[in-house]
Amino acid sequence: HTSDEHAWFQESRQSRDNPYRDYYIWRDPVDGHEPNGWQAAFGGPAWEWDEKTQQYYLHLFSKKQPDLNWDNPVVRQEIADMVNFWLDMGVDGFRCDVINNISKDLSAPGCGYGPHLHEYLHELYDRAFQPHGALTVGETWGLTPQQTLALTGEARGELTMSFQFEHLLLGRVGGDKFRRCPVDRTEFVNILAKWEVGLKDDG
């Protein structure tokens, strides 16, 4: 995503035929409501109504963080150019936040690990990460060790490594991070061991 104050989004929301419109994910209402039932990570629907152009835009996080449309090849090239700019300046690598959400299937019940995820990551690897020997860490909520290996395996040409967050879900009442309960230490160790063993040879 970008900020809703970014020049691209400011242009995008000017009209439906603006050249930057397809940089973001805009959709018509469905039966007078949001295009699907996706919820934003920070609460509420993942769609925000734009009165001027009479469409919704997608934001998986804050409404001030509209999601980029990675299905647009121009957007993917813009991202590669931006990454190369910083790598050329001497940056050694990138933390790629919620990277498993860049490809989206709007007909799916939820977002994540969309149909073109590997294709788009490999393209970015070829265009930017690999030529600079960059280190990349993927923030990948909700993946299994097997899915993570498909992103970080040495022969994949996608990411160098990944954060895993499964242990952070422990100690929550009903999944609510603000309602705490004691953590089962054995379960905690088992989760860490599962990831260490699952990724030890190639992840």
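**Pockets and a surface patch**

Me: Where does M82 lie in this model?
Reply: M82 lies in helix 2. Keep in mind that the model is predicted.

Me: Is M82 buried, exposed or partly exposed?
Reply: M82 has a relative accessible area of 36%. Partly exposed means between 20% and 50%, so M82 is partly exposed.

Me: Which residues make a nonpolar surface patch with M82?
Reply: The others are F85, W86, M89 and V91. With M82, they make a patch of about 490 Å².

Me: New topic: pockets. How much space lies in the largest pocket?
Reply: About 670 Å³. The lining has 21 residues. Closest to the centre are A40, A41, L60, F61 and W141.

Me: Which strand gives the most to that lining, the one of the largest pocket?
Reply: Strand 8, residues 176–180. Strand 8 gives 3 residues.

Me: And how do the residues of the largest pocket's lining divide?
Reply: There are 12 nonpolar, 5 polar and 4 charged residues.

Me: What about the second largest pocket: how much space lies there?
Reply: About 500 Å³. Its lining has 22 residues, and H1, W70, D97, I99 and I102 are the closest to the centre.

Me: Which elements give two or more residues to the lining of the second largest pocket?
Reply: Helix 2 (73–88), strand 4 (93–96) and helix 3 (117–132). You met helix 2 earlier, with M82.

Me: How many residues of each class does the second largest pocket's lining have?
Reply: By class, 15 are nonpolar, 3 are polar and 4 are charged.

Conventions: Residues are numbered from 1 along each chain as its sequence is written. This is a predicted model: local features need pLDDT of at least 70, side-chain atom pairs count only at pLDDT 80 or more; totals for chains, interfaces and linings use all residues. Side-chain values use heavy atoms; hydrogens and water are left out. On a 1 Å grid over the protein atoms alone, a cavity is a set of points where a 1.4 Å probe fits but cannot get out, and a pocket is an open set with protein on both sides within 12 Å along at least five of seven lines; lining residues have an atom within 4 Å of a point. Grid points are joined across faces, edges and corners, and a volume is the space filled by probe spheres set on the points. Helices (H or I, at least four residues) and strands (E, at least two) are DSSP runs, numbered from the N terminus. Ala, Val, Leu, Ile, Met, Phe, Trp, Tyr, Cys and Pro count as nonpolar, Asp, Glu, Lys and Arg as charged, and the others, Gly among them, as polar. Patches are made of residues with over 30% relative accessible area and no salt bridge: like charges are joined within 9 Å, nonpolar side chains (Val, Leu, Ile, Met, Phe, Trp, Tyr) within 5 Å. Accessible areas come from the Shrake-Rupley method with a 1.4 Å probe; for residues, only the protein chains shown count as cover. A salt bridge is a side-chain nitrogen of Lys or Arg within 4 Å of a carboxyl oxygen of Asp or Glu. Buried means under 20% relative accessible area, exposed over 50%, partly exposed in between (1.4 Å probe, protein chains only).
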